[in-house]
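Hi,

Here is the structure I promised to pass on. Please have a look at it first, and then read my notes below.

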Amino acid sequence: MTGASAVVWNIASHHPERCTAVASLCVPYATIEHGLDALIATVDRSLYPVAEYPAGQWDYMRFYEENFERATSHFDADPVRTVKALFRSGAPDKRGEVSRTAVIRRHGGWFGPAGVAPDLPLDARVLSEADLAAYASALSRNGFFGPDAWYMNHARNAVYAGEAVNGGRLAMPVLFVGASYDYVCDTVGSSLAGPMQPLCADLSMARVDSGHWMAQEKPAEVNAILARWLATRVGGHWPGPGAD
């Protein structure tokens, strides 16, 4: 989840003494934890002209801010269909097209006037039937208020990020894994990954040919990248004592 990445990065930047290393999938450092305006500043304006797409592909976050109850109720209307609609694999042929997340406010929500997700077929490249059942069951029980609430704290997050120690510079090993076909957290066509680089003293970067849900879509490749980084950059701490 994009919003949860702010927590991971803020732990590293505010409590470096507690962090041996930090890794993130899809969401670079010095972005989401600085609030929505920081994200919008990295938008590719050749694809998203400011007059037509003021928030670029981050428009969906503005929708949460302005219509939180509507956004939550549309997801809650049918969690099974919501999960199937949101968990989709990467689409190489969509590069250069406007992301649907850029027109969420214009369309009145993620699913428009219908107020409920369309009944799409399960994308088995991302989720198994068991995964779908587990996710939908938890979301049916707890609702989408919590997941959506991540996007209601941009201003507070920005203030907190500004209080990071060492000016926000990270000395520990950092791994960022970008997704080739993530057109929201776009680190191919936009400058989203740019602010991170001068702030990380020991930065490793990798890329996976997947959409946003890379851990589900390409688990073996993601795990291989993580294991290689841990072994080469965090070798003094991993594997731990007693590991086979």
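Let me begin at the surface: Val-7, Ile-11 and Trp-150 make a nonpolar patch of about 250 Å². Patches are made of residues with over 30% relative accessible area and no salt bridge, joining like charges within 9 Å and nonpolar side chains (Val, Leu, Ile, Met, Phe, Trp, Tyr) within 5 Å. A salt bridge here is a side-chain nitrogen of Lys or Arg within 4 Å of a carboxyl oxygen of Asp or Glu, and accessible areas come from the Shrake-Rupley method with a 1.4 Å probe, with only the protein chains shown counting as cover for residues.

A word on the source: this is a predicted model, where local features need pLDDT of at least 70, side-chain atom pairs count only at pLDDT 80 or more, and totals for chains, interfaces and linings use all residues. Residues are numbered from 1 along each chain as its sequence is written, and side-chain values use heavy atoms, leaving out hydrogens and water.

Trp-150 lies in the loop between helix 7 (145-149) and helix 8 (154-161); helices (H or I, at least four residues) and strands (E, at least two) are DSSP runs numbered from the N terminus. With a relative accessible area of 35%, Trp-150 is partly exposed (buried is under 20%, exposed over 50%, partly exposed in between; 1.4 Å probe, protein chains only).

Now the inside. The largest nonpolar core has 46 residues, and Leu-39, Trp-58, Trp-110 and Met-214 are among those with the most contacts inside it. Such a core is a set of buried Ala, Val, Leu, Ile, Met, Phe, Trp, Tyr and Cys residues joined through side-chain atoms within 4.5 Å. Helix 3 gives the most to this core, with 4 residues. A second, separate core of 14 residues includes Ala-12, Val-22, Leu-170 and Ala-193.

Met-214 sits in helix 9 (residues 214-217) and is buried, at 1% relative accessibility. Beyond its neighbours within four places in sequence, Met-214 has contacts (heavy atoms within 4.5 Å) that include Leu-25, Cys-26 and Val-222.

And the cysteines? With a disulfide defined as a pair of cysteine sulfur atoms within 2.5 Å, the count is 0. Cys-19 is too far for a bond because its sulfur is 12 Å from the closest cysteine sulfur, in Cys-200. Cys-26 is in no disulfide either, with the nearest cysteine sulfur, that of Cys-185, 6.1 Å away.

Best wishes
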